[in-house]
Amino acid sequence: SNISLAFTFLLSFLVVSVYVYSMFYKKFIGLYRKKFGLYKALGFTVDKVVKVLLRCTLPYIFIGSILGTVTGYFLSSVLVNRFVETYCFDGFTKGCNISTYAFGIFLLPAINIIVILIYVYHFYKEDASLLMKSKVIKNKRGLYIYFCNVLCRLVPEKNKVSYRMLFRKKSNIIMSFGAVAIVSTLFVTSISLYRSSGYAMENQFEGVSYKSKAISEAYTDDRDDYEDFIQVSTELLMKDEKNNFDIIGLQRNSKYMKLCNESKEIAIAKDSFIISKGVSILYNLKKGDQVNLKLNGLSNNETITDVCSNGGTFMVYTSKEKLAGMLGESEMVHNGVFYSTDTVKVSNNYTKIITIDEEKAVIKAGSSSNQSSAIINQVIAVISGLVLFYLAVQASFQDSEKDILIMRQLGYSAKEIFKMIIDVYKGLIIMFYLLTYPVAMYISKSIHVSISKQTNDYIPFSTNIFIFVAGFVLILICYELIITCFKLQIRNQKGILK
């Protein structure tokens, strides 16, 4: 799961980096288009312009990449130490592959080079005379303009001018929308990952009353006072997917393992074929669906009779007599026994004793990984949100410098100008959060399913109204931090507001 999440984090940051670089060069070239037109008229080729831009940007990007790689190496000790404590590794040492260092140092410079080449080559297609002319603003008609007009009709009359000024720059709106989408998605994912271990522990052991169980490699028909069962590995073909699961044949009146769903206890009949909730969600199976079961060299078509919410996350349950018949064995044989005590001892080498505490410890060990990933998710969400929010506000302020000067001439105070141009983002961010939260839940659930399939360990997705409110508060905190920092920056540059 950590490998999957690591690639998810890397991809998220790459998307943010590509977008930031793209917006920077687009704005930079647009701001100095006349000078670029002059350079082109003077005979400066595309290669020369690209070399100059690379000479000015690459050193800083290399320095940042090296510092980030070194910092990441040292900060990784936090996760490494957590794994050592959780899994009790002996002689575990931290290391890093040369390819990882190369990836960390050269990836962002490579992206910077690609973005510069794309923008400069595209920009230099225009004639020099057209570049030196003032950019003509076309009266565009399209879905975006229609969307902006609809929103402006919905806002109070006193805010219409502010929102129309805000919607003029599509790139700033996209950055704000992206920031909210990234923060909400990563936050929902992180909270669900953090809660997954407790959710699994609570549901998996509901209805379980045994203290330990013995599982043998051989079948026996020994009779004693203990409740027995059969457990074997099987291959299920589900919607063109082959997967290996454990199938357990239980006594019909089992007192140690009572299966249940969200509403009631599930009675085990002779022909019961019950799948766990993890199998149901991951492979989109429900009661009444058919699956092909390959057992003992033979294929059997089975109809799912119910879905249980407790028990093992990747388990299939049936009656003991049905499973014995599939295996071609007597109904009296078994290879497992439930015990009401955890102090059982065996006299052979082919029987394994598993206590309920050991089963819980395995889930708890997995939860350590999920909780660490959740914390990383939250940090990435905050950093990504802060970066994109700041870029959106900064770009909006720079694009509105002429408007600010005009408004100052009309007698508006600095506070009124700031409220009209910057504070208006708060309403927009609230609207974006309401729009993106359902999408964030869908993406987060898809991430959970993907990781569960890759690790063969079901990670349940969970959310509630408190998570929705907490995500909303987090986004507003990020916004207020950016606004506060921006106000301090403006105070140090009062000239534009005077």
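I began with Cys-260, which is buried, with a relative accessible area of 10%; I took buried to mean under 20% relative accessible area, exposed over 50%, and partly exposed in between, with a 1.4 Å probe and protein chains only. The model is a predicted one, in which local features need pLDDT of at least 70 and side-chain atom pairs count only at pLDDT 80 or more, while totals for chains, interfaces and linings use all residues. I numbered residues from 1 along each chain as its sequence is written, and my side-chain values use heavy atoms, with hydrogens and water left out.

**Cysteines**

I searched the whole structure for disulfides and found zero, a disulfide being a pair of cysteine sulfur atoms within 2.5 Å. For Cys-260 I noted that the nearest cysteine sulfur belongs to Cys-308 and is 7.7 Å away. Cys-308 is likewise in no disulfide, and its nearest cysteine sulfur is that of Cys-260. I looked up the cover of Cys-308 too, and Cys-308 is buried, with a relative accessible area of 1%.

**Whole chain**

I counted 15 helices and 10 strands in the protein chain, where helices (H or I, at least four residues) and strands (E, at least two) are DSSP runs numbered from the N terminus. Of the 498 residues, 43% count as buried. The accessible surface comes to about 27800 Å², and 60% of that surface belongs to carbon and sulfur atoms; these areas come from the Shrake-Rupley method with a 1.4 Å probe, and for residues only the protein chains shown count as cover. For contacts, meaning heavy atoms within 4.5 Å, I noted that residues 24 or more positions apart account for 81% of those with a separation of 6 or more.

**Helix H10 and the salt bridges**

How many of the eight residues of helix H10 are buried? I found six, so I entered this helix, residues 320-327, as mostly covered. The buried residues are Lys-320, Lys-322, Leu-323, Ala-324, Met-326 and Leu-327. Just after H10, Gly-328 takes a positive phi of about 75°.

I then counted salt bridges, taking a side-chain nitrogen of Lys or Arg within 4 Å of a carboxyl oxygen of Asp or Glu, and the count came to four. One of them joins the side chains of Asp-228 and Lys-320, at 4.0 Å from N to O. This pair links distant parts of the chain, since Asp-228 is in strand S2 (residues 227-238) and Lys-320 in helix H10, 92 residues apart. Asp-228 counts as buried at 4% relative accessibility, and Lys-320 counts as buried at 6%.

I also found Glu-321 and Arg-252 in a salt bridge, at 2.6 Å from N to O. Glu-321 lies in helix H10, whereas Arg-252 is in the loop between strand S3 (241-250) and strand S4 (273-276), so this pair ties together parts that are 69 residues apart in sequence. Arg-252 counts as partly exposed, at 44% relative accessibility.

Another salt bridge brings together the side chains of Asp-289 and Lys-286, at 3.6 Å from N to O. Here I entered Asp-289 as buried, with a relative accessible area of 16%, and Lys-286 as exposed, at 53%.

**Hairpin S5 and S6**

Strand S5 (residues 290-295) and strand S6 (residues 298-303) run antiparallel and are joined by six bridges; I let two strands pair if DSSP finds at least two bridges between them. Gln-290 has Thr-303 as its bridge partner in S6. The two strands form a hairpin with two residues between them, and Asn-296 in the turn has a positive phi of about 60°.

**Val-208**

I located Val-208 in the loop between helix H8 (170-204) and strand S1 (212-220), and Val-208 counts as buried at 18% relative accessibility. Leaving out residues up to four places away in sequence, I found that Val-208 touches Tyr-256, Met-257 and Ile-356. The C-alpha atoms of Val-208 and Leu-259 are separated by 8.4 Å, although these residues are 51 apart along the chain.

**Nonpolar surface patch**

Which residues form a nonpolar patch on the surface? I found Ile-465, Phe-466, Val-469, Val-473, Ile-477 and Leu-481, with about 580 Å² of accessible area together. Patches are made of residues with over 30% relative accessible area and no salt bridge, like charges being joined within 9 Å and nonpolar side chains (Val, Leu, Ile, Met, Phe, Trp, Tyr) within 5 Å. From this patch I looked up Ile-477, which is found in helix H15 (residues 465-491) and is partly exposed, with a relative accessible area of 45%.
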